[in-house]
Amino acid sequence: MTDFREIGRRLSNWGRWDRDGERDERGTTNFLTPERIVAAAGSVRTGKVFDLGIPFGPGGPQPAGMRMNPVLLMAETGDDQDFGAMHFADDYVFMPLQAASQWDALAHVYYDDQLYNGFPASSITPHGAKRCSIDKQAKGIAGRGVLIDIARHRGVPWLDAGEVITPDELDAAVSAQGTQIRPGDVVAVRTGWRTKFVQDGDREAFMSAEPGLGLACCEWLHDHEISAVCSDNWAIEVLPGESDALLAVHMVLIRDLGMTLGEMLDLDELADDCAADGRYDYFFCAPPIKFRRAVGSPINPLAIK
Ligand code: UVW
């Protein structure tokens, strides 16, 4: 079995972005420098916008159990109001912040009593995370996005549960697409797992296992100085995983590299367009909602070509 701790130690970014006595809480989104954001704007050529968020509602992928799908409740419908000509509608949403398209904050996953950059696990309290919460990513996340369409590269509608994506396969797909990976890129890896869910609606199957990145991909993401990684599955990584520890890729990426993960994105329309015009890069923009001390945030990411 692969030792995720050894990989984590080797790839650690702890201390890398500490400045003037300030300990960093943003991690790899520090790769999104002003120069790279200016360069990323060059990927906008047609003005086509792709909405990569999945719908937030009762049709979501959460099965009965740990998390639930978002519930919308109307506080006002405009009925029975007496404000003259004006009527208004108001609403509430109840949802786990991890229930649909989302960023994982750097406080979302930890091990051995330490979060990213050595902050103690006790930073996470019943009132939220005092360190590495999602609002620390409020300035972004925006920059050059690159889609790596593994399902298309394999010539299948989707990869099956438990199928591992390796660094060699990432390289092969990138090269077949004619794409170049640059430092600071936000990479989106398409497995087709959401495509399958849209077809069969099987929540238990969607959540009980999945195809995804293997542990060796942590090094690939580190060496390419990727600022964030996204996927169309729910955990980025292959499940069951290759380590005896659950969510080993999460532990290395979030806690050791300081890399935020974008989960449950809808990459299908974008993937079709990239295959049609042969261009797999775009301007990517997905700011989190600034929930104070939260360990994740719903997002509606945009890819603009
Ligand atoms: C866990 O399930 C712990 O993580 P995520 O929602 O990031 O996949």
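**Exercise 1.** Does cysteine 132 count as buried or exposed?

*Solution.* The model is predicted. Step one: take the relative accessibility of cysteine 132, which is 1%. Step two: apply the cut-off, where buried means under 20%. Cysteine 132 therefore counts as buried.

**Exercise 2.** Find how many disulfides the structure holds, and explain the result for cysteine 132 and cysteine 274.

*Solution.* Start with the chemistry. A disulfide is a covalent bond between the sulfur atoms of two cysteines. The cut-off for the sulfur pair is 2.5 Å. Now check the distances. For cysteine 132, the closest cysteine sulfur belongs to cysteine 218, and it is 18 Å away, too far for a bond. For cysteine 274, the closest is in cysteine 230, at 14 Å, again too far for a bond. Cysteine 274 also counts as buried, with 0% relative accessibility. The count for the structure is 0 disulfides.

**Exercise 3.** Which residues surround the ligand, and how do they divide by type?

*Solution.* List the shell: Arg67, Gln102, Asp104, His108, Trp234, Ala235, Leu247, His250 and Glu263. Then sort by class. The shell splits into 3 nonpolar, 3 polar and 3 charged residues. The space that the ligand takes is the largest pocket.

**Exercise 4.** Trace contacts from ligand oxygen to tryptophan 234, histidine 250 and glutamate 263, then state how much of the ligand the protein buries.

*Solution.* Begin with the backbone. A polar backbone atom of tryptophan 234 is 3.1 Å from a ligand oxygen. Turn to side chains. An N or O atom of the histidine 250 side chain lies 2.8 Å from an oxygen of the ligand. For the glutamate 263 side chain, the distance from an N or O atom to a ligand oxygen is 2.8 Å. Finish with area. Alone, the ligand exposes 260 Å², and the protein buries 87% of that.

Definitions and conventions. Residues are numbered from 1 along each chain as its sequence is written. This is a predicted model: local features need pLDDT of at least 70, side-chain atom pairs count only at pLDDT 80 or more; totals for chains, interfaces and linings use all residues. Side-chain values use heavy atoms; hydrogens and water are left out. A residue is near a molecule or strand if one of its heavy atoms lies within 4 Å of it. A polar contact is a pair of N or O atoms within 3.5 Å; within protein, one must be able to donate a hydrogen and the other to accept it, and residues adjacent in sequence count only if both atoms are side-chain atoms. Accessible areas come from the Shrake-Rupley method with a 1.4 Å probe; for residues, only the protein chains shown count as cover. On a 1 Å grid over the protein atoms alone, a cavity is a set of points where a 1.4 Å probe fits but cannot get out, and a pocket is an open set with protein on both sides within 12 Å along at least five of seven lines; lining residues have an atom within 4 Å of a point. A molecule sits in a cavity or pocket if more than half of its atoms lie within 2 Å of its grid points. Ala, Val, Leu, Ile, Met, Phe, Trp, Tyr, Cys and Pro count as nonpolar, Asp, Glu, Lys and Arg as charged, and the others, Gly among them, as polar. Buried means under 20% relative accessible area, exposed over 50%, partly exposed in between (1.4 Å probe, protein chains only).
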